[in-house]
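Hi everyone, thanks for making the time. I have one structure to walk you through today, so let me put it on the screen.

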Amino acid sequence: MNSMRKLAATACALTLCAVAGAQDFSLKVNTLADGGVDRCLVVVMNESRTEPLRQDTLDVADCKAELSMDLGEVREGLVAFQSGEASTMGMYLLLVPGETLTLTETDEGWEYGGSQFYQEAGAVKSRLNALETALRQRIASLSGAKEVEGADEDSLETLEQEVYRTFRKDYVGAILDCARENPDAEGLAMWLPYAQDEAMSLIGLLSDRIKNESRVSPLIQRTIGEAQAREQRMREMEAAKEKLGEGKPAPEFTLKDINGNDLSLASLRGKYVVLDFWGSWCPWCIKGFPRMKEYYAKYAGRFEIVGVDCRDTQEKWMKAVADYELPWLHVYNPDDSDLPTRYAIEGYPTKIVIDPEGNIAKVVVGESEDFYDYLDQLFGN
């Protein structure tokens, strides 16, 4: 009897293992023999897409690599390929428990295959690969035309920009066409980020089952919520723009400085203040620091800079301030703050010069010499 119980327990355990294994997400990679890919990087993102939940690096051997992972639920992720020290841009993917994704490298690009979900996503990818191949050929032709002696480079540059605009329109159009043809395909959800401003149009084409009762329903509902939040921010941004402008009062605020103390804009009244909206993730912000340091020293005591860090963790913010040795004042703008909206910040960096009376004197978006020319006009006499 005991032996029978042991056999039954063993059988039960094996059955449970098989069920658990069936719920794993599996990835299979097939590369070209002469493609040079030797590693595959797989990143699983958290729900807010701010931090990786896990990261795996796979060695490609004999043009193949495989990975299985227990995710528990549909996750967003990235897959990138490395050759030596060079890396490709990460491809956005949905990682679905119980499904197998086969990524196959071809001369036209990466093809998606495997189980049903990824076959549905792959039907879209095949159309997009064809568009990308046509784009590369067209751009190569224009690049060759630029090399011809006497070529009208301005006209060719304008034509190239038009080619890219047409490509983006056709790219999104191909995704929407696939949704019209097969609205009950779960795999279409993988193309939501690629639909860009037409993500809500893509969702509108999907069946009610996909939107409300499928494995990708939480992602779709989150996308809808994010779109609604963006629309609300845009309305708030437009309202803020009406209140802003040169000569108008700068919105007041109080935020925590690098030492954890309150710092208010009002406390700096009586001197020129530059609000520098930036983030440690912003390469153009970082690129501008040496020039900002130069002018901060050049006109020392004539104005103050307040770095307003956005879209960062406090740890990354404080590390960046220390690493780049930024000598001016700094405050941390938490994610739940509406300060960037109240200042109608649409790009980073944005520098806003405030006069001693607390009014906006100048707004400069991006890292531009216009900002430094303006400081020379203010203080150079």
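I'll go through the two sheets, then the helices on them, and finish with the empty spaces. Please keep in mind that this is a predicted model.

Let's begin with the sheet of 7 strands. This is an open sheet with mixed pairing, and the order is β11-β10-β14-β13-β12-β15-β16. At the edges you'll find β11, residues 262–264, and β16, residues 360–365; each has a single partner strand, so one side of each is left without a neighbour in the sheet. From one strand to the next, the twist averages 30 degrees.

Now for some of the pairings inside that sheet. As a reminder, strands of a sheet pair through backbone hydrogen bonds, either parallel or antiparallel. At the β16 edge, strand β15, residues 350–354, pairs with β16 in the antiparallel sense over 5 bridges. If you want a residue to click on there, Val353 stands opposite Lys362 in β16. Moving along, β10 and β14 run antiparallel and are joined by 2 bridges, and Asp257 has Val331 in β14 as its bridge partner. On the other hand, β13 and β14 run parallel, with 4 bridges joining them. Here Val306 has Leu329 in β14 as its bridge partner.

How does the chain get from β13 to β14? It crosses through α9, and this β-α-β crossover is right-handed.

That brings us to the helices on this sheet. Helix α9, residues 314–323, packs on the sheet and touches β10, β12, β13 and β14; its direction makes about 170 degrees with that of β14. Then there is helix α11, residues 369–379, lying across β12, β13, β15 and β16 and running at about 15 degrees to β15.

On to the sheet of 4 strands. This one is also open and mixed in its pairing, with the order β4-β1-β8-β9. The edges are β4, residues 64–69, and β9, residues 109–114, and each has a single partner strand, so one side of each is left without a neighbour in the sheet. The twist here averages 15 degrees from one strand to the next. Strand β8, residues 100–106, runs antiparallel to β9, and 6 bridges join the two. In that pair, the bridge partner of Glu105 is Trp110 in β9. Across β1, β8 and β9 lies helix α2, residues 116–146, running at about 155 degrees to β9.

Last topic: the empty spaces. The largest pocket has a volume of about 880 Å³. Of the 25 residues that line this pocket, the closest to its centre are Arg233, Arg311, Asp335, Pro340 and Tyr348. Which elements give two or more residues to that lining? They are α6, residues 217–243, and α10, residues 339–342. Helix α6 gives the most, with 5 residues. By class, the pocket lining has 8 nonpolar, 7 polar and 10 charged residues.

Finally, the structure holds 1 cavity of 30 Å³ or more. The largest cavity has about 40 Å³ of space in it. Its lining is made up of Leu265, Leu268, Arg269, Lys271, Val273, Ile354, Asp355 and Gly358. By class, that is 4 nonpolar, 1 polar and 3 charged residues.

That's my tour, and I'm happy to go back to any part of it.

Conventions:
Residues are numbered from 1 along each chain as its sequence is written. This is a predicted model: local features need pLDDT of at least 70, side-chain atom pairs count only at pLDDT 80 or more; totals for chains, interfaces and linings use all residues. Side-chain values use heavy atoms; hydrogens and water are left out. On a 1 Å grid over the protein atoms alone, a cavity is a set of points where a 1.4 Å probe fits but cannot get out, and a pocket is an open set with protein on both sides within 12 Å along at least five of seven lines; lining residues have an atom within 4 Å of a point. Grid points are joined across faces, edges and corners, and a volume is the space filled by probe spheres set on the points. Ala, Val, Leu, Ile, Met, Phe, Trp, Tyr, Cys and Pro count as nonpolar, Asp, Glu, Lys and Arg as charged, and the others, Gly among them, as polar. Two strands pair if DSSP finds at least two bridges between them. Axes are lines fitted to C-alpha atoms, for helices over the stretch in contact, and angles run from 0 to 180 degrees between N-to-C directions. Contact means heavy atoms within 4.5 Å. A crossover is right-handed if, with the strands pointing away from the viewer, the path from the first strand over the helix to the second runs clockwise.
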